[in-house]
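Let's take a walk through this one together, starting with the overall fold and then zooming in on a few side chains. Keep the viewer open as you read.

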Amino acid sequence: SFSQNINPLAIDVNHTDMLNLFADIKLANVKDGPAYVRVGRQELLLGSQRLISTLDWANTRRTFQGVKTFWRTPKFDLDAFWVRPMNTIPSGPSSFDNWDTNRNFYGLWGTYKPQRGHAADLYFLSLDNNNSAFPGNVIGTLNTGNNAVHTVGARYIGDTNNFLYELEGMYQFGQRSNQAISAYAVASGAGYRFAALPMNPQMWLRYDFASGTKNPNIDGNRNTFNQLFPFGHYYMGFIDRVG
């Protein structure tokens, strides 16, 4: 961008970030596929990217630092990881990025592929965040750290004779500022691929829903769904400015 009068956001510019810097170590061959451990700075991209994405719409892609083990076979993939998100520092060429020691992200993600064009995801994710919330993001009196949110979810996608479909359900529990979290989200869609046309265009109808907190200062419960590290703009467009 040119002639910009406001300071860049953390995702707008980054002078010194090494996007990926990791080593893969092969552990063994298990059944029909190899198992590896990856150590270092790395991207995470899993499932629909509603919860874990590299954030392609930003100038600086989202990266993490930590350890991931993964196993790949023709029918089944399995990922287990413990990482911390990187803090992008846009202040100048002499400022190096570092991981956020106040946030720990870990999880287990499995994908079953029964046949071509079909896949089922099953996952468990945990985010421990001890950072205080920014004032602009505060709902009610929610402004302290001690945030531990756990997400369990499942997703199925299919492609049958160019008819496309997807269904994903997610439930969250844990605590935020010593208040209980109980939240959920559902994402669904049905579409069609026009295979006879150039570039194979698709048309989809989608319905997504996420719970929210109606009375944050009254009942003491937190029902707002946490998107974790989403590919927000891809699904929500400009709604991700507030989502």
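Before counting anything, it helps to fix what a contact is: two residues are in contact when heavy atoms lie within 4.5 Å. With that in hand, and keeping in mind that this is a predicted model, look at how the chain meets itself. Among contacts in the protein with a separation of 6 or more, 54% are between residues 24 or more positions apart.

Now for the layout. The protein has 11 strands and 1 helix. Reading along the sequence, you get the pattern β-β-β-β-β-β-β-β-β-β-β-α. Of the 243 residues, 38% count as buried. The accessible surface of the protein is about 14,200 Å², and 58% of that belongs to carbon and sulfur atoms.

Start the close-up tour at Gln42, which sits in strand E2, spanning residues 33-42. Is Gln42 buried or exposed? With a relative accessibility of 0%, Gln42 is buried, because the cut-off for that label is anything under 20%. Its side chain reaches back to the backbone oxygen of Gly40, at 3.1 Å. If you set aside residues up to four places away in sequence, Gln42 touches Asn20 and Phe22, and also Thr63, Phe64, Gly66, Val67 and Lys68.

Next stop is Ser126, over in strand E7. Ser126 is another buried residue, at 1% relative accessibility. Leaving out neighbours within four places in sequence, its contacts are Asn104, Phe105, Tyr106, Val149 and His150. His150 deserves a click: its side chain makes a polar contact with the side chain of Ser126 at 2.7 Å. If you want a backbone distance here, try Ser126 and Val152, which are 26 residues apart along the chain and have C-alpha atoms separated by 9.0 Å.

Val152 also turns up on the surface. Together with Phe124, Leu167, Tyr171, Phe173, Tyr184, Val186, Tyr207 and Phe209, Val152 makes a nonpolar surface patch of about 800 Å². Which elements give two or more residues to the nonpolar patch? They are strand E9 (163-176), strand E10 (179-193) and strand E11 (202-210). E9 supplies the largest share, with 3 residues. For a single member to look at, pick Tyr184, which is in strand E10. Tyr184 has a relative accessible area of 41%, so it counts as partly exposed.

Time to turn to charges. Side chains of opposite charge can pair when their charged atoms come close. How many salt bridges does the count come to? The count comes to 14 salt bridges. One of them joins the side chains of Glu168 and Arg50, with an N to O distance of 3.1 Å. This pair links distant parts of the chain: Glu168 is in strand E9, Arg50 is in the loop between E2 and strand E3 (64-72), and the two are 118 residues apart. Both Glu168 and Arg50 are buried.

Another pair to find is Asp77 with Lys113, where the closest N and O atoms are 3.2 Å apart. Asp77 lies in strand E4 (residues 76-87) and Lys113 in the loop between strand E6 (103-112) and strand E7 (119-129), so this salt bridge ties together parts 36 residues apart in sequence. The two partners get separate labels: Asp77 is buried, with a relative accessible area of 15%, while Lys113 is partly exposed, at 22% relative accessibility.

Then there is Asp121 with Arg155, whose side chains meet in a salt bridge at 3.1 Å, N to O. Asp121 belongs to strand E7 and Arg155 to strand E8 (residues 147-160), so the pair ties together parts 34 residues apart in sequence. Asp121 counts as buried at 6% relative accessibility, and Arg155 is buried too, with a relative accessible area of 13%.

To finish, put some of these charges on screen together. Arg50, Asp121, Arg155, Glu166, Glu168, Arg206 and Asp208 are linked in a network of salt bridges. Two pairs you have already visited, Glu168 with Arg50 and Asp121 with Arg155, have their residues in that network.

How values were computed
Residues numbered from 1 in each chain as written. Predicted model: local features only at pLDDT ≥ 70, side-chain atom pairs only at ≥ 80, totals over all residues. Heavy atoms only, no water. Helix = DSSP H or I, 4+ residues; strand = E, 2+ residues; numbered from the N terminus. Buried < 20%, exposed > 50% of the residue type's maximum accessible area, 1.4 Å probe, protein only. Areas by Shrake-Rupley, 256 points an atom, 1.4 Å probe, with all protein chains shown as cover. Polar contact = N/O pair within 3.5 Å; in protein donor to acceptor, adjacent residues only side chain to side chain. Patch = residues over 30% accessible without salt bridge, like charges linked within 9 Å, V, L, I, M, F, W, Y side chains within 5 Å. Salt bridge = Lys/Arg side-chain N within 4 Å of Asp/Glu carboxyl O.
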